Amino acid sequence: MVLGNYKTALSARSTDADILKCSQDGGVVTQLFAYALEEGIIDGAIVAGPGDEPFKPEPVVAMSKEELLAARGTRYTISPNMKLIKEATRSYGLDKVGIVGTPCQMQALRKAQLYPMGMRSVPDKIALAIGIFCMENFPYQGLETIVEDHCNVKMESAVKMDIGKGKFTVYTERGAVSQIPLKETHKYEQPGCHVCLDYVANLSDISTGSVGSPDGWSTVFVRTKKGDDIWSKAITAGCFETKDIASVKPGLDLVTKLATGKIDKNKKTLEERATFGVGKGLRNPYI
Amino acid sequence: MSKVVEVSPTTRHEGHTKLVLKVNDEGIIERGDWLSITPVRGIEKLAIGKSMHQAPKISSRVCGICPVAHTLAGIEAMEGSIGCEIPDDAYLLRVILQCANRLHSHALHNILTLPDMYLPGTDTHINPFSAEEPVRSVALRIQRLREIGQTVGEIAGGEPIHPSNPRIGGMYKNISPRAKAKIYDLAKEGAVLAREQMDFMITVLKDWENRPTASVASGYEVEKNEKFGFHDQGYMAVDPLYASTNLDADPKWYPERWTEVRPWDWYMGEQEITLDDPNYPNHATTPAGAKAWPQMEACTAVPMYDGAPIEVGPRARLAIFRNYDKKGAMGLQIARQMEYPDCLYSMMEAVDALDTSGSVVADEIPQGDGSLGWAANEAPRGTDVHLAKVKDGRVQWYSLLVPTTWNFPVCSRALEGAPWQLAEVIVRAYDPCVSCATHMMVVDEEKKVVAQKLVQ
């Protein structure tokens, strides 16, 4: 079950040209939230908005399409989206909260719903949780080093970053493309990512990512009843172009392969923690 | 020959107390001592040396029913000491939070009161847990009122129990326009329910008052006296709704009028229990032969205003600001119900005036030079005064004068003349919050004016 439980898997992209203009892939997250906001399925969404430094995200509660558009694009560094989950139900006054996040953030969300420690009013106010695929993440200084030192690009000049096909790629606003092998970035990874056993955000309502679909398209897993309901309404409303996942290259085979790779590698790290010391080990949060 | 009977513990109020009652042959209380036996937690002593930001968050944990009062009084005492004026919109958010807390607290107290009361015109005690009408609708209405109070507290205060939004200098966050609309809608809904609830409660309370006999919950009936729960102490209140602090142009509380004595000077000495009643509702009274020593056992200091104990709470507020003059236990209960509508209307007014894009934290937050600041918050149960001295951002001295602390000796006096079996009905009229009341004693051996020590 490396891909988690899901009802349908498909390849999709938004039909909104505005959204696609700056989206990382098929604009699925932005489009879904924009649709849900318009339809009153959610009344706000926690997204990774622009921060005070380039490519440094800051979690925000987006309550308009403009704010959603400002959060487009992947920032390969930490955005603590869950820090707003309670506040969204407080000073923002939301009743139906949307949230996007990496697999670990989806786990935090579900845990807060089932074991709400200091999370009064949160469990019943989660209306839509969108997960994004995630292999690993970098601290901001790590990302800066990769971009400025390894790729020789000033952070301010970068307009898009991408990890794919074994490469880390930076695109600049002047059209230059800088690429390095992913191997060079490994030492900058956030150590906590090395015990993560989830690649495609198994606990979300709908999860999406680039792997498996062609450029400009996203792979989508529709997982829960809630997710299925919203997805089919969005399709009926004409929000997305879709393709059968079996008909696209490289398709689910690659997703499965990468997910298996991540899980196997990190399982090994977890096992090693048990015997990390001499006669003693390190903590394992899964047991 | 008078006898001594003890009800320990008392029930259906917050905290842990007991009643030590000296009664005559007819069972009428000649002298009653109502005292806290809640362990002292010493908030005021442990706050010394902590930052001014932390101390009010600790004092919030004094009580989970009225944490808003302690948070706001604590913060405003610190602001009073450092001389920090907060922006208007922060003030409005605090007022909304105050209203929300009072609404939930009064509604909660209805649940505690009702089992003593009767369905009007019948001899059936009201059991709020009953699934039968008309009680079921009343219970649901109380639940919804509390839900409204707590939800508004959650939005304006960050959290209904131990609000997170208030901070030294204002609030951490203003609210969104959506949240503003939500508060307004909830207040509108609550206003209708609160009026119904107020009318219902007043009918029930008046029905009780007009009965010649009554019992505690499902106990046996005894004859009531004419002046049930009367006392001759005065009233103290600083505002009909919110608060007064030393920063006000015209402060409504006067530290120099406050003195505090030990229970030793106020309560009875050692007593032997000579009367017991195994049939007292819920549990028997203390068996005869046991000893009680109110002077030593009471866990609160006895604060006085102008040298005498003084009543605080809903009736004190109405008496001072609205010329309310109904005495006795039911007078106090009815005053409490009369505060319902104001919680909602003040909430609406404040949220209407709120600018959701306004700043909610002061531009400058001084660190303090050790001067005395105080804030008197009108908590659901009465005037909650916090006094503090802050220097370089640290608390040097902190004291809490909590509503139920003021009411302990007053209520003890109000017990006189009542049949001992109904003593708990008088106690409940004060809506006691005993963990609030039980803080740290200021031992004042010579009965000096404590304020003199403060001003130095």
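**A histidine in a helix, and the chains around it**

B:His104 is found in helix α4 of chain B, in a model that is predicted. Is this histidine buried or exposed? With a relative accessible area of 2%, B:His104 is buried. Leaving aside residues up to four places away in sequence, the residues that B:His104 touches are B:Ile65, B:Arg146, B:Gly149 and B:Gln150.

Chain A offers a view of a whole fold. This chain has 8 helices and 11 strands. Its radius of gyration is 19 Å, close to the 19 Å that the globule rule gives for 287 residues, so chain A is as compact as a globular protein of that length. Measured out along the principal axes, the C-alpha trace of chain A spans about 55 × 50 × 40 Å. Of the 287 residues in chain A, 50% are buried. The contacts tell a story about sequence distance: among those in chain A between residues at least 6 apart in sequence, 65% join residues at least 24 apart.

The surface and the charges of chain A come next. About 13,700 Å² of chain A is exposed, and carbon and sulfur atoms supply 54% of that area. Chain A carries 36 positive and 34 negative side chains, and 5 Å separates the centres of the two sets.

Cysteines are a natural place to look for cross-links. How many disulfides does the structure hold? Over all chains, the count is 0. A:Cys104, for example, is in no disulfide, and the nearest cysteine sulfur, that of A:Cys196, is 6.2 Å away. A:Cys104 has a relative accessibility of 44%, so this residue counts as partly exposed. In chain B, the cysteine sulfur closest to that of B:Cys63 belongs to B:Cys433, at 3.1 Å. A disulfide requires the two sulfur atoms to be within 2.5 Å, so the 3.1 Å between B:Cys63 and B:Cys433 is too far for a bond. B:Cys63 counts as buried, at 2% relative accessibility.

The backbone also has some details worth a look. Most peptide bonds are trans, and most residues other than glycine have a negative phi. Where do cis bonds appear in this model? One cis peptide bond joins A:Lys249 and A:Pro250, with omega at about -5°. A:Pro250 sits in the loop of chain A between β11 (240-244) and α8 (251-274). In chain B, the peptide bond from B:Glu133 to B:Pro134 is cis, and its omega is near 0°. B:Pro134 belongs to the loop between α4 (88-113) and α5 (135-157) of chain B.Positive phi values turn up in chain B at residues that are not glycine. B:Asn282 has a phi of about 75° and lies in the loop between β11 (271-272) and β12 (291-292) of chain B. A phi of about 50° is found at B:Asp431, in the loop between α12 (423-429) and α13 (434-437) of chain B. Which of the words buried and exposed fits each residue? B:Asn282 is exposed, with a relative accessible area of 63%, whereas B:Asp431 is buried, with a relative accessible area of 2%.

How values were computed: Residues are numbered from 1 along each chain as its sequence is written. Chains are lettered from A and ligands numbered from 1 in the order in which they are written. This is a predicted model: local features need pLDDT of at least 70, side-chain atom pairs count only at pLDDT 80 or more; totals for chains, interfaces and linings use all residues. Side-chain values use heavy atoms; hydrogens and water are left out. Helices (H or I, at least four residues) and strands (E, at least two) are DSSP runs, numbered from the N terminus. The radius of gyration is taken over C-alpha atoms; the globule rule is 2.2 Å times the number of residues to the power 0.38. Buried means under 20% relative accessible area, exposed over 50%, partly exposed in between (1.4 Å probe, protein chains only). Contact means heavy atoms within 4.5 Å. Accessible areas come from the Shrake-Rupley method with a 1.4 Å probe; for residues, only the protein chains shown count as cover. Lys and Arg count as positive and Asp and Glu as negative; His and the chain ends are not counted. The place of a charge is taken as NZ of Lys, CZ of Arg, CG of Asp or CD of Glu.
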